[in-house]
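Where does a protein model leave empty space inside? This briefing looks at enclosed cavities and at the residues around them.

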Amino acid sequence: MSGIMGIYYLDRRPIERQDLARMVDILEHRGADGADIWINESVGFGHRMLWTTPESLLEKLPSVNQTGDLVITCDARIDNRDELICALQFDNCPPEKIADSQIILAAYDKWGEQCPEHLLGDFAFAIWNGRKQSLFCARDHMGVKPLYYYYQAAKIFAFASEIKALLCLQEIPRLLNKVKVGDYLAAILDDKSNTFYQDIFRLPPGCCMVLSAKGMQIRSYWSLDPSRELELGSDEEYAEALREIFAEAVRCRLRSAFPIGSHLSGGLDSSSVTCMARQVLMEGGISRPLHTFSNIFDIITECDERPFIEAVLAQGSMIPHYVHADQQGPLSNLEQIFRYHDEAIPAPTHFLLWGLNHAARTEGVRVVLDGLDGDNTISHGDGYLTELVRKGQWAEFAKEVGDLYKLGLSPSHYLRQHGLTYLEELARGWKWVDFVRETNHLLKHFNVSRQQLFLQHGLKPLLPQSVLSAWQVLRGRKQSLNGRHLIIKRSFAKQIALNKRIQALTGFQSSQPLTEREQHWRGLTSGVLTLGLEVSDHYAAAFSLEPRHPFMDKRLIEFCLSLPPEQKLNQGWSRFVMRRAMTNVLPEQVQWRRGKSDMSSSFVHGLLVHNRKLVDEVMQNDLHGIAEYINTKYLRKIYKELISVSEIKPPESLIDVSLWQVAMFTLWLQHSQLKQ
């Protein structure tokens, strides 16, 4: 974890040192171990240093190569160091004295703009090429390291690890991006480049850019290949291969000169990371213990995972630390959080991460591992059920659904989601021969009415939506409406063409994935994942920590996507291959646990108990500031309904989350003081 920033005046104006100095100073929290500035006429770089790896202790950034024509500033951890050191011929230089920034700069010198294709790890960097008079920037494959930028053609390009550094420059306006407001309120998070600030963007994951007097070019240097399928000889071979890759992903992220911590929730993902880290440290003869940080719940006991956490800790060689998570809420500590996070926060349970990082900082930890999005990387394998249905393999589909039922899950849910939706698709396509054939196969394995199948999933999908809505009203049923969209003011939605934007960003998701691999690919390339990584980065930087995510390892992601679907869902067990791979690593109690605790109760408790006064204040006095965007009458109505319930329960719809979202946006907008 470090902080980078830079300015390139395309109109050849000289850099004012105080401008870069302000950018460096405002990102002090990203690195208190050193700061420096490099300026050459109309180009300037800055850097904040946080030591984490042994090599970083000798690193000085920005750095200039021996010939003086290449300069780099970066926030990076490179994992294939040995391979690159050999390929780049660092003669007579001990590897432990070669910084990651030197490797990146040498890679650029050798491979030019193709250099990111040769790098493994987490990185965001900028290189000034004095020979070509051009600036090259790149961001890692999954977007672990953030990179924000502002560009005004023929005038200025500026970049930084955080938006607040860009706002130090007078040329950059503090204007609200209303399109992003619509995205946020509608929970459309698929845009990987826009921000809440007009004309300030994120470089998307797996992308690089070139800046010169001729203009700016952005291209993707890497993308996930959904067509590749791995073929091995047995379940054991798949499990062993996954174990080796996962162990390497963890091993790379244990490179540290300081104490290491791990977020331990008790779930399969965080427990796998923690137990594998413990094992790698022990096998490497490293006596340093692993610190674990866990949220516990004394009040909202249904969220408490202590039995599983304690099963992991019983393996030994770990120092546990606990955070009483039900003493905070999703709107707690916002004044402090907004000092570090520059946008309205998209994740309702973000406060759980904030508390863990605060505890890690207290213990002197600088590197924190976690299991972020491990279930997405491995995949639960639900798409396999769709694949079986589409192949006409109803017997195998029924067997898997039966196994899921044995483990406590409803067969009707899976039949409706994967089987009946396929029948509806056939009906809409007027493929009645296929519809009848698949219905006959289905009836051999499920006790449902043929007549109901024909009426509900054959004829009904062909009726216009207006007819269906009228029929519901005649039968006394309330129409099903999206709470999020009702909260958004219609005039505002029209102003930003929100419906067209939703269709453009999520239209491909409206159709059911044809295969498990397609569904898996959609999850791994989602903009939600990018936002989650950025929140993780900012929340760690606030405490001078570096977050490391083994499940975001490029090699691991490519491997998991290539797995056959039956390795992901098998005998009713989701993430089947991961469970097998963790034999003798995880305690069996965790390895074969079903699901994990739902944090919804903690969210609602925090909102209505710890944050109740703040929410009341927003609802009663502050909504005028966002009346342009929100249907305030409807919002107050659903808030009254929520607080009238005497017993706090998990949200049964998106309404509770929408209320929080509006409150979060209102409070952030007040703090940011952006021009609307």
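The largest cavity holds about 130 Å³ of space. Its lining is made up of 16 residues, and Ser2, Leu50, Ser56, Glu59 and Ala76 are the closest to its centre. The model is predicted. It contains four cavities of 30 Å³ or more. Rolling a probe the size of a water molecule over the atoms reveals where empty space remains.

**Largest cavity: who lines it**
- Two strands, E3 (43-49) and E5 (70-78), each give at least two residues to the lining of the largest cavity.
- Strand E5 provides the largest share of that lining, with three residues.
- By type, the lining of the largest cavity has six nonpolar, five polar and five charged residues.

**Second largest cavity: space and centre**
- The second largest cavity encloses about 100 Å³ of space.
- Its lining counts 13 residues.
- Nearest the centre of the second largest cavity lie His341, Glu343, Ala344, Pro346 and Leu531.

**Second largest cavity: who lines it**
- Helix H5 (178-185) and helix H22 (527-541) are the elements that give two or more residues to the lining of the second largest cavity.
- Helix H22 gives the most, with four residues.
- The lining of the second largest cavity splits into eight nonpolar, two polar and three charged residues.

Notes: Residues are numbered from 1 along each chain as its sequence is written. This is a predicted model: local features need pLDDT of at least 70, side-chain atom pairs count only at pLDDT 80 or more; totals for chains, interfaces and linings use all residues. Side-chain values use heavy atoms; hydrogens and water are left out. On a 1 Å grid over the protein atoms alone, a cavity is a set of points where a 1.4 Å probe fits but cannot get out, and a pocket is an open set with protein on both sides within 12 Å along at least five of seven lines; lining residues have an atom within 4 Å of a point. Grid points are joined across faces, edges and corners, and a volume is the space filled by probe spheres set on the points. Ala, Val, Leu, Ile, Met, Phe, Trp, Tyr, Cys and Pro count as nonpolar, Asp, Glu, Lys and Arg as charged, and the others, Gly among them, as polar.
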